[in-house]
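Colleague: Got a minute to go through this model with me? I'd like to start with one of the sheets and then wander around a bit.

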Amino acid sequence: MTVEEILSKLVSFPVLGGESNLTIIHWIKDYIESHGVTTTLVPNEEGTKASLHCRIGPAVDGGVILSGHTDVVPVAGQDWTSEPFELTDKGDGKLYSRGSCDMKGFVACCLAALPQMVKADLKKPIYFAFSYDEEIGCLAAPELAEAIKSHYSETPQFAIIGEPSMMVPTVGQKGICIYKTVVKGSQGHSSRIKTEVSAIHEAMRFVLWLENKMNSLIAAGKTDDRFTPNHTSIHIGIVKGGIAENVIAQECYFTWDVRTIPSETPEEILAEFEAYCAERKATLREVFPGFDVTTDFIHPPVPGLDTKADQEIVSLVKELANTEKTDAVSYAAEAGQFAEAGFEAIICGPGDIAQAHRADEFISKEQLAMGVAFMERLVQKLS
């Protein structure tokens, strides 16, 4: 099968983050095994989803993991001009469909190169590692990385995560965590605002604290110019509370996301925030003993990536991508998780992240061809 034929098949599986991915993962499994390669599934507890890994080549240390995810984001409410889950060629050098760019284009490049990988006299192995639920929190990658470490007698050295980077080796990635904070106050007539405790008023104080925390990090020089913006960002996405204009709000919640530069962690910011919350609880419970504020994550922490310029993987991927450029990105990805598991990790894949998650998502044929050429050079390098 050609890379376009494989991509056409992959995008036909409308597997959204959070849904079962067994249809697409079993198609991938059957395709790989049809070339004589043994695969291993890493299922979730319910058996409704699975990651996959396999090895092509000898069982020796120093191999390369090629990693991608099988889920995509929804299309509901988006104004598509073609069928989202059919690969559409409009004759403009682009291939349109949900997931074509993020990131089934990379997976298609891996699978298209499989016959060449199998036939080659590889001196170092190549591994495929395909996960689920990346789009709702990078949920499966840590378990997948650990499964690879425990399954094989040898140890892979490198992990290339094929998020769309225009085939530019990407050595930095921000971390992310999304939290939900729930504030519980008293209720009563709005004229009693000075004697009751409004959950909305207190929630706004917490929101302001978070904004001030972001600004204080910037003022303290905690920046990294590889990223745009060049600092840890804290953003309030949803605020909901109250039942009427003249009723003091008994409850209010807000959600907030933290995207950290590699030198920071969401956990550090959460610890300071919770210390402030504890101070407010101690003060306000003197007014209303039932006052409370709790914070839980709704998107688990994903570590950032900070691969150093002198690490071997950087020179390797520069050579494979035929470029001297490197980059850093502000979106979250599984690369930081593979690095945390002990692999030298980098992001490099076909397509432009600007096309991801939007209507009429596409990958250019040129980028797809560059992805295939990358795989061909990888086979030659390891043979």
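Modeller: Sure. This is a predicted model. There's an open sheet of 3 strands, in the order 4-5-18, with antiparallel pairing.

Colleague: Which are the edge strands there?

Modeller: Strand 4 (88–89) and strand 18 (362–364) are the edges, each pairing on one side only.

Colleague: And how many bridges are there between strand 4 and strand 5?

Modeller: Strand 4 pairs with strand 5 (residues 94–96) over 2 bridges, in the antiparallel sense. Within that pairing, aspartate 89 is opposite leucine 95 of strand 5.

Colleague: Remind me, what do strands of a sheet pair through?

Modeller: Backbone hydrogen bonds, and the strands can be parallel or antiparallel.

Colleague: OK, what about strand 13? Which strands does strand 13 pair with?

Modeller: Strand 9 pairs with strand 13 over 10 bridges, antiparallel. Strand 11 (residues 233–241) is joined to strand 13 by 8 bridges, also running antiparallel.

Colleague: Which residues stand opposite each other?

Modeller: Lysine 180 is opposite threonine 255 of strand 13, and valine 239 is opposite phenylalanine 254 of strand 13.

Colleague: How many residues of strand 13 are buried?

Modeller: 7 of its 10 residues are buried, so strand 13 is largely enclosed by the rest of the structure.

Colleague: Switching to pockets. What volume does the largest pocket have?

Modeller: About 420 Å³. The largest pocket has 19 lining residues, and Glu135, Arg259, Tyr331, Ala332 and His357 are the ones nearest its centre. The elements giving two or more residues to that lining are strand 9 (175–184), strand 13 (251–260) and strand 14 (292–302).

Colleague: How many charged residues are in the lining?

Modeller: The lining of the largest pocket has 6 charged residues, along with 10 nonpolar and 3 polar ones.

Colleague: You mentioned Arg259. What does the side chain of arginine 259 meet in a salt bridge?

Modeller: Aspartate 257, with 3.2 Å from N to O. Aspartate 257 is buried, at a relative accessible area of 11%, while arginine 259 counts as partly exposed at 26% relative accessibility.

Colleague: How many salt bridges does the structure hold?

Modeller: It holds 19 salt bridges. One of them is between the side chains of arginine 55 and glutamate 154, at 2.9 Å from N to O. Arginine 55 is in strand 2 (residues 50–56) and glutamate 154 is in the loop between helix 5 (141–151) and strand 7 (158–161), so the pair ties together parts that are 99 residues apart in sequence.

Colleague: Is glutamate 154 buried or exposed?

Modeller: Buried, at 3% relative accessibility. Its partner arginine 55 counts as partly exposed, at 27%.

Colleague: What about lysine 213, which residue does it form a salt bridge with?

Modeller: Glutamate 272, with the closest N and O atoms 2.9 Å apart. That pair links distant parts of the chain, since lysine 213 is in helix 6 (residues 199–219) and glutamate 272 is in helix 7, 59 residues apart. Lysine 213 counts as buried at 11% relative accessibility, whereas glutamate 272 counts as partly exposed at 39%.

Colleague: While we're on helix 7, where is arginine 280?

Modeller: Arginine 280 is in helix 7 (residues 266–284).

Colleague: Why does arginine 280 count as buried?

Modeller: Because its relative accessible area is 18%, and buried means under 20%. Apart from neighbours within four places in sequence, arginine 280 is in contact with Glu202, Arg205, Phe206 and Phe291.

Colleague: Last one: where does serine 330 lie?

Modeller: Serine 330 is in the loop between strand 16 (327–329) and helix 9 (335–340). Serine 330 is partly exposed, with a relative accessible area of 21%.

Colleague: What is serine 330 in contact with, leaving aside its neighbours within four places in sequence?

Modeller: Lys174, Phe227, Thr228, Pro229 and Arg259. So there's Arg259 again, one of the residues nearest the centre of the largest pocket.

Colleague: And how many Å apart in space are serine 330 and alanine 244?

Modeller: 39 Å from C-alpha to C-alpha, with their positions 86 residues apart in sequence, counted as the separation.

Methods. Residues numbered from 1 in each chain as written. Predicted model: local features only at pLDDT ≥ 70, side-chain atom pairs only at ≥ 80, totals over all residues. Heavy atoms only, no water. 1 Å grid on protein atoms, 1.4 Å probe; cavity = no way out; pocket = protein on both sides within 12 Å on 5 of 7 lines; lining within 4 Å. Points joined across faces, edges and corners; volume = space filled by probe spheres on them. Helix = DSSP H or I, 4+ residues; strand = E, 2+ residues; numbered from the N terminus. Nonpolar A, V, L, I, M, F, W, Y, C, P; charged D, E, K, R; others polar. Buried < 20%, exposed > 50% of the residue type's maximum accessible area, 1.4 Å probe, protein only. Contact = heavy atoms within 4.5 Å. Salt bridge = Lys/Arg side-chain N within 4 Å of Asp/Glu carboxyl O. Pairing = 2+ DSSP bridges.
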